Amino acid sequence: MVTGAIGDTGLRRSEDRTEPLRDGFAVSRLFRLRRIVRRRPFGFLLFFLPIVLGWTILLSYGSAVYGSNAFIIQYSPSIGFYSLIIGLAIYPPHRFWIPALTFVAVLFVPFCLPFVELQNWYDLLQTAPNVVAIIFAVNVGAAILNGAIAMWVFGQFRAKMSPYSADMVLAFAGQVAFLVLNLCMVFGFDRFMSAQSDVAQALAGYDGHYIDLAIRRVLRGCAVFLVFILLFFNRPRWKDAYYVALPVAVYVGLAALHSMGYGSPSGIEAAIAGCTFALLLPSSAATLALVVSVGLYASLTGVYLSDVVYASPQEGVLEYYSIALLNLAAIILAKSGAQHERETSAVDSITRLDVARDFAGVGIFMVNQSTGVIQLDHTGMRVTGIPRVFSNVADVYSRFAPESQKELIAVGVVEPGTSFNRILRVPRDDGDDVIIRIFVWAQRSESGANLAYGLVVDITEAYKQESALRHALTDLEAKDEKQRRMFSIISHEIRTPASVLSMLIEDLDHTNLEETRSRMEEASDQLLGVLTDMRQAVNPAQNMAIVKTSYLPAQLAETVRNTYQDLAHKSSMRIELNLGAGANVRRVGDQTRAKQLIGNLVRNALIHSKGTKVEIYFEERKEATGETWTQWTIRDDGVGVPKDEVPRLFEPFERGGADPRNQADGSGLGLYIAKTTVELLGGAIVYVPIPKGACYAISLPEPIAADQSAPQPAKKSLPMAHTSKMDVLLAEDNALVAEVTKSRLSKLFKSVTVASDGQMALEYLENHSPDLVITDLFMPKLEGDELIKRLREKGHEFPIIGLTAAAVGNDIDRFQAAGADLVMAKPLDMERLMAFLARLAE
């Protein structure tokens with residue numbers, strides 16, 4: 001089986017775009033020759049010219065020595081007639097001069113041979129140059145017309161037949177045209193010469209036997225034409241030269257016998273030998289052998305060249321038989337060439353299919369189930385990793401993975417007439433296993449053996465892709481499920497405080513106003529807390545910048561305890577501090593985030609643990625590298641966390657179960673935010689299993705502060721007098737939000753103008769120049785980030801603040817990219833706004 005790369009024996013396209021690939025990748029021999037000539041026109045001439053000139057010289061020598069050497073006979077037609085026909089078919093129009101010059105050279109070769117008596121020819125050229133010119137011109141014209149007819153017929157049949165058959169149509173059409181045209185030329189020359197002077201007729205060798213001799217020459221020329229065109233179509237290879245030796249030896253022997261008087265004047269024994277070699281030798285070798293050996297035999301004996309008038313009619317008939325046998329040998333060569341082409345095409349097609357099958361990783365095998373022997377082809381051996389063509393079934397089974405062996409053993413003997421297929425795994429030493437699919441069909445042989453035939457297909461890549469797609473689908477389904485749970489939780493968490501607010505608003509007239517206000521603030525804080533958690537979970541780095549300052553761990557722990565003391569009292573729990581060495585040493589860290597981390601864990605314990613106490617531990621840890629770390633531990637003595645839920649503790653929107661309706665309040669983001677925050681600070685948070693309750697340990701890289709003195713708190717200065725002179729433009733499409741926000745801003749600023757969309761804000765700013773612009777992001781006609789971008793492009797430098805109500809998304813990125821000075825979440829944080837303006841006023 002051929003397993004090499006697809007190259008010269010692989011899939012090839014025809015370089016001549018007019019010749020499509022047909023009959024299993026076969027290409028016309030004519031077009032192959034054209035391709036060669038197109039690439040190497042003068043290189044092919046080195047093959048074309050020696051053959052033509054060599055044949056011409058040999059036959060000219062034989063004609064001159066053994067024949068009458070009559071001018072009119074020698075050019076009825078010329079020996080090189082076929083060279084112009086073949087050249088016309090092979091060479092492109094712009095290089096037609098090459099075969100034309102070759103033909104002219106062949107025409108004049110006889111005039112240049114030193115061993116030939118050509119005095120009559122020279123005298124004819126001087127006495128009747130018009131005769132020579134006309135005969136030469138007719139030869140050239142007939143040769144061109146012959147080639148044109150053959151090519152026209154080829155063009156008519158090329159699309160309807162196989163390539164080699166079309167080539168043979170060209171050959172036989174050329175032969176028939178050769179016969180018809182030359183017969184016409186013979187009779188035309190007869191009439192032409194009969195009108196010439198007696199001197200011209202004598203010098204040209206024209207007499208009453210001209211037609212008989214010329215017709216014999218034409219018939220011999222038919223065989224020569226067909227053999228030569230086959231020689232060019234089936235160009236011989238170097239190895240074909242070995243086949244030439246025997247025919248040459250045989251024909252030299254026949255020439256020797258002929259010289260001793262044992263040969264027939266008609267050369268019929270040579271014609272019979274030619275038919276024999278045409279039948280026995282390979283087509284390309286036989287063509288070359290006949291061209292060389294018959295040409296050598298003719299030059300040595302003068303047979304086929306003598307152009308003599310026989311004394312008896314029987315001898316003349318015998319020569320016609322001999323000529324017929326020569327044409328028969330040429331036809332045999334054509335037929336054997338067609339047979340060889342079909343066989344070669346079939347073998348090439350199978351070879352190419354084998355190459356493609358090997359490339360696709362499809363092997364074949366046969367199992368003799370009666371003897372337990374399996375036979376594999378090369379591809380099957382490569383795919384399965386079995387190094388031998390013949391192996392025992394047991395040895396083959398051992399190559400497969402255990403689960404695959406069990407499948408094969410379970411199948412057992414395949415009964416005749418049944419089939420099956422399986423996917424099996426073949427382990428490899430490098431760990432990259434091969435996945436194969438086998439197809440098996442069984443039948444009983446004539447000898448009674450139970451045989452199974454099958455295909456083995458390497459599906460490793462397809463299997464990996466399928467597995468990857470399957471895993472990707474599983475991940476997508478999991479993400480989709482998590483997304484549904486997320487929206488369920490969000491809906492639940494937002495709807496609860498929103499419902500409380502709705503009920504409190506309805507009861508405003510029937511309840512204590514102060515008590516209702518407190519409850520409304522609590523519900524509002526819960527609602528905003530859910531949204532803040534979501535925003536913090538999506539992008540913790542952007543929603544809260546890292547600010548490292550000097551702080552006391554003991555003071556931070558006390559602050560957390562005081563913050564959640566009321567909640568602990570409501571939960572009937574207490575908060576205890578267990579602070580180790582270093583708690584009163586100042587550290588450099590993000591105090592705000594650390595407070596948020598510890599506070600979230602303490603709050604979770606107070607709400608969910610159902611225990612009696614929450615403990616906050618602190619200790620200092622020094623690494624071997626010299627780094628100082630702080631470790632906070634928050635533990636409770638409550639119900640704890642089930643073991644099967646521990647792996648999902650730090651996942652977003654995980655609250656111990658899939659149904660938020662059956663869980664405690666909370667967004668399910670607390671621990672996830674804690675994890676992302678700790679990792680953002682370069683630390684780690686882990687769940688620590690304890691006998692009772694839950695325990696979390698937080699490690700943070702916080703070096704000891706160089707300055708242990710307490711930093712002075714920054715004084716907040718709100719430029720009230722400054723803001724009372726400022727004009728503000730508020731771009732907000734929600735009328736209620738715009739009304740409430742304007743009301744709050746009006747208490748601090750000189751004037752507040754509201755634009756209901758971005759386009760209206762842009763039109764307002766064409767005629768006004770406010771001191772501050774506050775814009776929402778999502779607005780009709782023109783969104784907030786596009787509004788900011790256009791204002792910056794126009795050169796406006798007044799401060800612009802972007803507002804967004806979205807808890808998730810890339811709103812901050814969009815505002816910052818557009819050129820906003822500050823981005824805040826709704827509702828508008830007045831304290832943060834005034835701090836921003838104070839910084840601008842400094």
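**Figure 1. Arg216 and Asp212 pair up in helix α10 of this predicted model.** The two side chains form a salt bridge, with their closest N and O atoms 2.9 Å apart. Being four residues apart in the helix, Arg216 and Asp212 sit about one helical turn from each other. Arg216 is buried at 3% relative accessibility, whereas Asp212 is partly exposed at 32%.

**Figure 2. A salt bridge joins Arg587 to Glu620.** Here the closest N and O atoms are 2.2 Å apart. Arg587 belongs to strand β9 (residues 587-589) and Glu620 to strand β10 (residues 613-622), so this pair ties together parts that are 33 residues apart in sequence. Arg587 is buried, with a relative accessible area of 0%, while Glu620 is partly exposed at 29%.

**Figure 3. Arg574 and Glu576 meet in a salt bridge, and a network turns up elsewhere.** The N to O distance between Arg574 and Glu576 is 2.6 Å. Both ends are partly exposed: Arg574 has a relative accessible area of 42%, and Glu576 comes in at 24%. Glu403, Arg425 and Asp433 are linked in a network of salt bridges. In total, the structure holds 17 salt bridges.

**Figure 4. Tyr251 is one of the best-connected residues of the largest nonpolar core.** This core has 89 residues, and Ile72 and Tyr251 are those with the most contacts inside it. Helix α10 (residues 210-233) supplies the largest share, 15 residues. Setting aside neighbours within four places in sequence, Tyr251 touches Ala270, Ala273, Gly274, Phe277, Leu290, Ser293, Val294 and Tyr297. A second, separate core has 34 residues, among them Val560, Ile598, Tyr687 and Ile698.

**Figure 5. Phe71, Tyr75 and Phe136 make an aromatic cluster.** Ring pairs link these three residues, and the count for the structure comes to nine aromatic pairs. The rings of Phe71 and Tyr75 have centres 4.9 Å apart and planes at 45 degrees, so the pair is tilted. Phe71 is buried, with a relative accessible area of 1%, and Tyr75 is buried too, at 2%.

**Figure 6. Tyr687 and Tyr696 meet edge-to-face.** Their rings are 5.4 Å apart centre to centre, with 65 degrees between the planes. Both residues are buried.

**Figure 7. The confidence drops below 50 over residues 1-26 and 714-718.** The protein chain averages a pLDDT of 78, and 78% of the residues score at least 70. Beyond near neighbours in sequence, residues 1-26 have 54 contacts in the model; residues 714-718 have four.

Key:
Residues are numbered from 1 along each chain as its sequence is written. This is a predicted model: local features need pLDDT of at least 70, side-chain atom pairs count only at pLDDT 80 or more; totals for chains, interfaces and linings use all residues. Side-chain values use heavy atoms; hydrogens and water are left out. A nonpolar core is a set of buried Ala, Val, Leu, Ile, Met, Phe, Trp, Tyr and Cys residues joined through side-chain atoms within 4.5 Å. Buried means under 20% relative accessible area, exposed over 50%, partly exposed in between (1.4 Å probe, protein chains only). Helices (H or I, at least four residues) and strands (E, at least two) are DSSP runs, numbered from the N terminus. Contact means heavy atoms within 4.5 Å. Rings of Phe, Tyr and Trp (its six-membered ring) pair if their centres lie within 6.5 Å; planes under 30 degrees apart count as stacked, over 60 as edge-to-face and the rest as tilted. pLDDT is the predictor's confidence in each residue, from 0 to 100. A salt bridge is a side-chain nitrogen of Lys or Arg within 4 Å of a carboxyl oxygen of Asp or Glu.
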